[in-house]
Amino acid sequence: MEKNQQKQTTNTNRLYREKVKVLLVEIVNRNLGDAVIAENAAYLVKRAFPLFTRRHYVLQRYGMDSRDFEMVKAADLIIFDGGGIIKYKYEHFYQSVFEILQYAKEYQIPVFFNSVGVEGYDGTDDRCLQLKQALNYDCVKGITVRDDYETLQNDYLDAGRAAAVDTAAVIDSAVYTQEAYQIQKSDPSHTIGIGIVRSRIFEDNELPQVTKECQLQLWAGIVHELEEHGYAWKLFVNGLHSDYEFAKEVLEFMGRQQEQETLLVNRPTESRELVQTIAGFEGIIACRMHANIIAYALGIPSIGIVWNRKLLFWGERIGYPQRFFTHDQFEPKQIVQCLLQSLSEGVRPCEKSWKKSVKKPLNRFVRRYGTQAWKKKRGNTVTQRIPWVDRLVACALGGLSMRYLNMNSPNGLHAAFQNGFRNFEADIRLTTDGRLVCVNGWSKASYEKLGVDPLQYDSNGMAYAEFLQCGLYSDHYETMDAEQLLDTMSSQPGNWKLILDIGKPKKEVLAVMIEQLAQLCGSMDNVQAAADASGTDQTKLQNTAGNTMDTRAAAIKDAAYWREHLMIRLQSRYDVETVQQASLPMEVMFFVATEQQREEKGITLASIAKFCKKRQIKWVSMPKEAFAEDVIKFLKEQKLKSCLFSYNTYTEAVHALEIGVDWVATSYLSVRELEGWYERC
């Protein structure tokens, strides 16, 4: 007994030490050129960690516009990964940079700008001056620039600061793409990639003369010239929906829309797909800067169609200015002739000195200020830390890449398990032929994610087989049914929990959902009671909906197993009573609506608590709009546990947990990364 007590005391008083937290600030959007920048920067930063103390460092990815300022304050070093962020004319990066640097200044966190783009300066523009003010803060220790270095030195940095900041003209860090992704160019394919950009980009960059009609004529002319020279071709995009839609218009303009499947590469959702696509071309003609940079990094000749001066800087930097065409040179024959010459000449490998120009300043920053941070932390230990694995729930089975959420996909579930989650939430709905599938409701947004026309469907959903044939985001992520979900979960070891959200079904739909869940969970005893309670003829309902389920020799697991692992999120008292009457082997989680919704329906927190006590419910869930300190305090007094949906920032999650929330559902936070901030001493 003494040994057990001693072991318990030791576990309670485990000592932890904080690691050096390096915050990598990146642009998160569907233009995957920015994602390529981030992956290259992450590759370089990790290699910059000191060899003998590398395990004491942790890299935290951070979306620039997330406004997650507790995450910023927790950092020991801040690195802006690259891209065109020193600009102010369109997009709002200047505001995000300013806010992050305000906190870095206040908390004395060293900051480094890695291989960034500088796009213009105007001393009369308040946005530009705000950006300049922030760049001159003492916390900014280094800035390397991929293009307009002179404007940084002469205009943005004050005379005194220019000497104090470690600055350099460098090449774009995406030149490390081959090493970062471990991808090489394919054998010559005799296929040229044509990288399309949205039609308004020229107008947005003060080139109104390059109209949509001009661009259609340009691309059609380039295609004609390529075919005249015997080359195959494919259109591709960097990931933006607007780019992809214009690419389809280009095909339509040429009368080739029926060949879309073979002439237009599917819109990529992950940066690796973009790199692999470009690696398969013999050469490319592209508008997006990082399509050209990826090609260069892989040794593939590229021709740039210029809509912004940064492409000209890039062409000059790599010694191929003649391969980049401005609007007054948009002549298809000339562009294709330049491509043919480029194919015969090839691409000179990036000079080692240029690649070192990116790596050396970054290494100096990480090692100098990282070492200082580690020396401060080395003697500090803590016995208390947030047990994130017990507090976070993977919402809709988990989001991906800080871009994709509410998918209920096996891809997200796999990633969530890899990221340390053991609590999960999934949305399940009934198909038109009476099968349970994983989908976040039958809404326009869901149909668009599934790649089908929302006008062809309604709130009743789609057929089971049709749903499973769909993929999310251009078939990049899988769909699945409830059986596959439970089968996957049952193969996982440990004390995991799964919350099933069934939405707000009609009575007759609820009866079918209960029957299917009962079959899956090996608990068929009281299903007919659910049908009786709803006044539904169960046999008639099954005949109407079709065969609700395939016959099984046995359920995946028995009821006792599922009772330990499953919860069901319900929004009405009728649903609770019906589910409990059916004796489904899962714990009920009741719903707390927003204050306005409660007032409209004459519901009080006290009446919710009374109902939960009567039905022996221990858990409630609520949307973030219903979250308030007094609400959580009342729930605690009533001995009710709470699950909050859904927060995607560390700032929000920590605040909710401090107030007393038990679980926080999230799409983008990572258990593994947050728990990786500490190490056992």
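Between which two elements is the loop in which Ser-583 is found? The loop runs between helix 28 and strand 19 (587-591). The model is predicted; the views below take one site at a time.

**View 1. Ser-583 has a positive phi in the loop ahead of strand 19.**
Phi of Ser-583 is near 55°, although the residue is not a glycine. Ser-583 has 32% relative accessibility and therefore counts as partly exposed. Strand 19 is largely enclosed by the rest of the structure, because 4 of its 5 residues are buried. Strand 18 (residues 566-570) runs parallel to strand 19 and is joined to it by 4 bridges. Across this pairing, Leu-570 stands opposite Phe-590 of strand 19.

**View 2. Helix 28 packs against helix 30.**
Helix 28 covers residues 573-581, and helix 30 covers residues 605-614. Their axes lie 12 Å apart, at an angle of about 5°. An angle under 35 degrees counts as roughly parallel, and the two helices are therefore roughly parallel to each other. Helix 28 contributes Arg-573, Val-576 and Glu-577 to the contact. Helix 30 contributes Ser-607, Ile-608 and Phe-611.

**View 3. Strand 4 is covered on both faces.**
Strand 4 spans residues 77-80. Leu-77 and Ile-79 are buried on one side. Ile-78 and Phe-80 are buried on the other. In a regular strand the side chains alternate between the two faces of the sheet. Strand 2 (residues 20-26) is joined to strand 4 by 4 bridges, and the two run parallel. Here Leu-23 has Ile-78 as its bridge partner. Strand 6 (residues 111-118) also pairs with strand 4 in the parallel sense, over 3 bridges. In that pairing, Ile-79 stands opposite Phe-112.

**View 4. Ile-78 sits in the largest nonpolar core.**
This core has 114 residues. Ile-78 is among those with the most contacts inside it, along with Phe-80, Phe-113, Ile-143, Phe-424 and Leu-498. Apart from this core lies another, of 96 residues. Val-20, Trp-219, Leu-263 and Tyr-320 are among the residues of that other core. Residues up to four places away in sequence aside, Ile-78 touches Leu-23, Val-25 and Val-72, among others. Its partners also include Ile-100, Ala-104, Ile-109, Pro-110, Val-111, Phe-112 and Phe-365. In soluble globular proteins, nonpolar side chains tend to be buried together.

**View 5. Five parallel strands form an open sheet.**
The strand order is 10-9-11-12-13. Strand 10 (232-236) and strand 13 (324-325) stand at the edges. Each has a single partner strand, so one side of each is left without a neighbour in the sheet. Strand 12 (residues 302-305) pairs with strand 13 in the parallel sense over 2 bridges. Phe-325 in strand 13 is the bridge partner of Ile-305.

**View 6. Helix 24 is mostly covered.**
Helix 24 has 14 residues, 507-520. From its first C-alpha to its last it reaches 20 Å, close to the 20 Å expected at 1.5 Å a residue. Of its 14 residues, 10 are buried. The buried residues include Leu-510, Ala-511, Val-512, Met-513 and Ile-514. Glu-515, Gln-516, Leu-517, Ala-518 and Leu-520 are buried too. Gly-522 follows the helix, with a positive phi near 70°.

**View 7. Tyr-473 has a positive phi in helix 22.**
Helix 22 comprises residues 472-475. Phi of Tyr-473 is about 50°, although the residue is not a glycine. Tyr-473 counts as buried because its relative accessibility is 12%, and the cut-off is under 20%.

**View 8. A cis peptide bond joins Phe-645 to Ser-646.**
Omega of this bond is near -25°. Ser-646 lies in the loop between strand 21 (641-645) and helix 32 (650-659).

**View 9. Gly-660 is buried in the loop between helix 32 and strand 22 (663-666).**
Its relative accessibility is 14%. Neighbours within four places in sequence aside, Gly-660 is in contact with Ile-632, Lys-636 and Ser-642. Gly-660 and Leu-635 are 25 residues apart in sequence. In space they are 9.4 Å apart, C-alpha to C-alpha.

Conventions: Residues are numbered from 1 along each chain as its sequence is written. This is a predicted model: local features need pLDDT of at least 70, side-chain atom pairs count only at pLDDT 80 or more; totals for chains, interfaces and linings use all residues. Side-chain values use heavy atoms; hydrogens and water are left out. A nonpolar core is a set of buried Ala, Val, Leu, Ile, Met, Phe, Trp, Tyr and Cys residues joined through side-chain atoms within 4.5 Å. Buried means under 20% relative accessible area, exposed over 50%, partly exposed in between (1.4 Å probe, protein chains only). Contact means heavy atoms within 4.5 Å. The expected span of a helix is 1.5 Å times one less than its number of residues. Two strands pair if DSSP finds at least two bridges between them. Axes are lines fitted to C-alpha atoms, for helices over the stretch in contact, and angles run from 0 to 180 degrees between N-to-C directions. Angles under 35 degrees count as roughly parallel, over 145 as roughly antiparallel, 65 to 115 as roughly perpendicular and the rest as oblique.
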